[in-house]
Amino acid sequence: MTLDGVGEGRSALGRSLLERKTLTSDWVPSFAAISRADFLPELMWPYDMDSGTTVTVDLRDEPSLWFSYADADVPIVTQWDDGKAEGRGNVPTSSASMPSVVFRMLRDLDVQAGQRVLEIGTGTGWNAALLAHRLGHDNVVTIEIDSAVATAARDRLARCGLPVLVLARDGEEGDEPGAPYDRIIATAGLRSIPPAWIAQAWPGGLIVAPWGTHYCAQDAVVRLEVAEDGKHAEGRFTGPVEFMKLRSHRLPFAGHDVYVPHGVTGADRSTTSVTVDQLLGDRFAVSSFAVGLRVRDCYRQAAAERDGARPVWFYGLTDKSWACVMFRDGQDEAQVWQSGPRRLWDEVAAALDWWQQAGEPGYDRFGLTVTADSSTTRRTPGTYEPHCRRRTDRAGSGKSAAALRPDRVAARGRRRVQPLSPGGGHPTRSARGTSRA
Ligand SMILES: C[S@@+](CC[C@H](N)C(=O)[O-])C[C@H]1O[C@@H](n2cnc3c(N)ncnc32)[C@H](O)[C@@H]1O
């Protein structure tokens with residue numbers, strides 16, 4: 001099947017995705033058969049590339065504008081503030097991902113006829129519909145934590161003749177009764193891989209997910225292969241993305257004033273020759289991803305430039321350590337303040353230096369190994385870099401899918417979470433042609 005006969009807007013989108021090699025030929029029939037417009041609500045908030053803002057569009061008022069966004073390579077917010085906001089709220093909490101991101105991740109998922117797929121993060125249901133069209137609706141199960149979002153997606157899938165099983169609950173637990181799966185795909189950002197997913201995939205199965213650290217909001221898509229022993233998974237990153245996070249993986253940041261109630265007075269002072277460009281780069285700079293791997297439990301927040309000055313703050317997430325670097329136009333050295341048990345700026349500067357000394361490796365040079373009780377990032381190829389060891393809980397520790405008892409899964413601890421930072425999940429103008437969800 002080709003794009004012939006598909007509406008003009010969608011056909012233009014398909015051609016553009018094909019040219020950019022995000023849409024592969026094996027996904028063209030599903031792209032042509034399943035319109036994203038069929039999965040969008042009448043009132044929605046697409047990201048407008050030209051103005052660099054999120055706009056409000058209602059099908060009942062502006063039908064042609066509504067369809068042009070539905071057929072554009074932009075992310076579209078469909079829910080705010082976990083459904084508490086009437087209309088537009090503060091934090092986007094459900095969306096239809098950018099089509100280019102959807103098809104990049106489906107490409108990475110490498111599905112074959114007859115395989116069974118578990119999706120975490122149903123959202124609108126469009127991604128589940130594409131999978132169901134390709135594999136058959138009986139071979140796809142999708143999990144959505146928000147019951148209203150799950151109900152809407154279930155209805156839309158049924159209307160399209162693809163009655164996929166939509167489970168309304170926390171996707172971190174996976175779907176033990178339906179396991180094992182050949183493929184597991186997450187369409188929300190992760191800060192650790194839930195052990196249940198490894199236990200619920202076949203040995204040799206693939207897990208594709210946006211993964212990152214709290215250092216910055218951006219993620220990278222990781223493609224993990226579950227080992228023959230069924231106890232660990234390993235794989236490489238395929239490129240940058242930014243997703244709204246799994247609810248329990250949101251940034252646990254208490255706010256600037258909790259860290260710095262009395263200003264910088266009393267903090268240790270020094271200077272640095274690191275430049276603002278070296279530290280921040282562009283939105284999807286590998287340097288930020290790499291530094292986040294080395295500097296654990298740290299959140300970086302860059303303020304907007306004002307009057308030639310730009311402060312960048314660092315906050316420790318396990319104590320109240322903080323650091324600030326003030327970049328000023330025309331000055332060779334930036335002023336640094338550090339306070340608390342950790343010297344966060346020293347850690348960041350050392351991590352940046354490590355990445356530069358390693359030849360500034362790209363995303364595809366990093367990999368992730370996940371075992372039952374830890375995940376480790378490594379730089380590939382070559383020596384193993386045992387940095388960024390992070391504990392995950394032991395609910396799935398060493399257990400096969402059959403042995404993973406639901407009571408143990410349910411007993412797992414939950415971290416306290418705060419809402420996303422204002423920037424989290426929002427696309428910005430610089431997202432044009434990049435990777436947004
Ligand atoms: C970017 S949207 C998913 C896009 C979707 N796949 C589509 O095709 O439209 C992320 C979704 O993940 C859901 N989510 C967040 N945390 C979750 C969790 N713990 N379990 C299941 N779903 C979750 C959000 O409610 C949101 O609907």
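**Ligand shell and buried helices**

In this predicted model, the ligand is surrounded by 26 residues, of which Ser94, Gly121, Gly123, Asn127 and Gly171 come nearest. By class, eleven residues of this shell are nonpolar, ten are polar and five are charged. Strand S5 (92–96), helix H5 (126–135) and strand S7 (140–144) each contribute at least two residues to the shell. The largest share, four residues, is supplied by S5.

Two helices were examined for burial. In helix H3 (residues 63–70), the residues Trp66, Tyr69 and Ala70 are buried. They lie on the same side of H3, because they cover an arc of only 105° around the axis. The packing partners of the buried residues of H3 are strand S1 (43–48), strand S3 (57–58) and strand S4 (76–80).

Helix H4 (residues 99–109) is largely enclosed by the rest of the structure, because eight of its eleven residues are buried. These are Pro99, Ser100, Val101, Val102, Phe103, Arg104, Met105 and Leu106. The buried residues of H4 pack against two helices, H1 (8–19) and H5. They also pack against strand S9 (181–186), strand S10 (201–211), strand S11 (219–226) and strand S12 (233–241). H5 thus appears both among the elements that supply the ligand shell and among the packing partners of H4. Just after H4, aspartate 110 adopts a positive phi of about 50°.

Confidence in the model was also considered. The chain has an average pLDDT of 87, and 85% of the residues score at least 70. Over residues 379–436, the pLDDT is below 50. Beyond near neighbours in sequence, this stretch has 125 contacts in the model.

Note on methods:
Residues numbered from 1 in each chain as written. Predicted model: local features only at pLDDT ≥ 70, side-chain atom pairs only at ≥ 80, totals over all residues. pLDDT = per-residue confidence, 0-100. Contact = placed C-beta atoms within 7 Å. Near = placed C-beta within 6 Å. Nonpolar A, V, L, I, M, F, W, Y, C, P; charged D, E, K, R; others polar. Buried ≥ 20, exposed ≤ 12 C-beta atoms within 10 Å, placed from the backbone. Arc of directions from axis to C-beta.
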